[in-house]
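This report describes the fold of one protein chain and then one part of it. Please have the sequence and the structure open while reading.

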Amino acid sequence: MTKNKYSKGRRSFLLGLGGFSALGLAHKHSYSAVQAEEMSVYISDLSKENKRGRGQSLRQLAASKGIKYGGFTQRSSDDILKDKKFDRIFTREYEVVVGGFFGVTVGPFGSNNYNFTQTDAFLNFARKNNLDFRAHPLIWNEFNSPWLIDKFKASGTTNSEIDKIFINHITTLAQRHAGKVSSWDVVNEAIRVEDGRSDNLKDTTKSGVRGEKYPTWLNFLGANYIERAFKIAAKADPNATLTYNDNGLTYSNRFGSSYEEQRRAAVLELLDKLKAKGTPVHALGIQSHLEGHRNKEFDANKFRKFLSDVASMDIEIIISELDVRDNKLPKNIAKRDRAVAEAYYQYLSVVLDEPAVTTVINWGLSDRHTWISGFAPRSDGAAVRPLLLDRQYLRKPAWKAVARALREAPSRL
């Protein structure tokens, strides 16, 4: 989509949302009032889309362009098996399911004490419903089993011990799931420019892991732990798409600085170095946790250039964790939904123009189950609304925004 096409499409789309602002009702704190206001928003603009829920879905719209559209379940393995409505709607809208978290399944080295109960439930869900299975993640500095954290922190732990654990962890997980996983997030969130390293890698001894500072893979194994992780994974599961996944890459003036532009540059530098060494990194996962109050901070031209630079390295692009935070938007549901829908549309209108973007993953299905409820709650106590479907699994303006972006996307077929 050219800049003029995007601008014209955006104006047309926002005019289509214009009626929402007139539907803002006096808001009370009771849940029943919220439900009533939600339904008022849907009646005029989304009744047709919800009635034809069995018809054209995001999965079908994307597939018609050669794109895969998927989601993270945000559910426990038990919930997947119990909520048949969730299962039915998830498989209607999505072609890919993300299963995880694999990083916490590793047992003490030598014991092979792995617990695959939850990840197997996701894998079985994918098989049963003919979904691609995307696994997340193999290596993440800030998400490890408690026993491994103790090992990192223990005095006397040697590089050799950590290296054996590293190899065993990746090999065991990748070999066990070889042929069952379409793509792996091999390494997750390895960049942190503020730590001051010349290679921009995250040093957890400086910035800490979830508030606590201790060494992890980088400190024991050196900067080439990323390259090694990909090579070990490729040997164990040679047919999967191997992905580097990171966040904070979207906007252009966070905190009044070029912070996220620096992060984009650091990711490009990392990918370039990996490719130069023959590392089997096949894709970049762009997490895309958008923020509805920052729509004006999205620079379409700069982000388009970033996508093009990634694609020029012969690297596939996966929009890996898409949602839109509404915690700093007005409480009025109609206004919030409008801003969230605009965020989805303006972002995907740019992203889907890049042929290297092959897959889009929403980080959840319904507002009923979303990590944002705990990570970025609203200060006014209102329920967050970051996803495409509401708590009753009805399509929201955000769904309409994504559907339009998919319809306008150039075909990959």
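The text below goes from the whole protein to its nonpolar cores, then to one helix and the loop before it.

The model is predicted: local features need pLDDT of at least 70, side-chain atom pairs count only at pLDDT 80 or more, and totals for chains, interfaces and linings use all residues. Residues are numbered from 1 along each chain as its sequence is written, and side-chain values use heavy atoms, with hydrogens and water left out.

**Whole protein**

The protein has 17 helices and 10 strands; these are DSSP runs, with helices (H or I) of at least four residues and strands (E) of at least two, numbered from the N terminus. Buried means under 20% relative accessible area, exposed over 50%, and partly exposed in between, with a 1.4 Å probe and protein chains only. Contact means heavy atoms within 4.5 Å. Accessible areas come from the Shrake-Rupley method with a 1.4 Å probe, and for residues only the protein chains shown count as cover.

| Item | Value |
|---|---|
| Buried share of the 413 residues | 56% |
| Exposed area of the protein | about 16,700 Å² |
| Share of that area from carbon and sulfur atoms | 50% |
| Contacts joining residues at least 24 apart, among those at least 6 apart in sequence | 78% |

**Nonpolar cores**

A nonpolar core is a set of buried Ala, Val, Leu, Ile, Met, Phe, Trp, Tyr and Cys residues joined through side-chain atoms within 4.5 Å. The largest one has 104 residues, and those with the most contacts inside it include Trp217, Tyr244, Ile286 and Phe306. Helix α15 (residues 333-351) gives the largest share of this core, 10 residues. A second, separate core has seven residues, among them Val96, Val98, Ala283 and Trp363.

Outside its neighbours within four places in sequence, Phe306 contacts Leu249, Arg264, Val267, Leu268, Leu284 and Ile286.

**Helix α13 and the loop before it**

Helix α13 covers residues 259-276, 18 in number, and reaches 26 Å from its first C-alpha to its last, close to the 26 Å expected at 1.5 Å a residue; the expected span is 1.5 Å times one less than the number of residues. Its buried residues include Glu260, Arg263, Arg264, Val267 and Leu268. The cover over the buried residues of α13 includes α12 (225-236), β6 (241-246), β7 (283-286) and α14 (300-311). Gly278 follows α13 and has a positive phi, near 75 degrees.

Gly248 lies in the loop between β6 and α13. This glycine counts as partly exposed because its relative accessibility is 29%. Leaving out neighbours within four places in sequence, Gly248 is in contact with Glu260 and Arg263. The C-alpha atoms of Gly248 and Tyr259 are 8.7 Å apart, with the two residues 11 apart along the chain.
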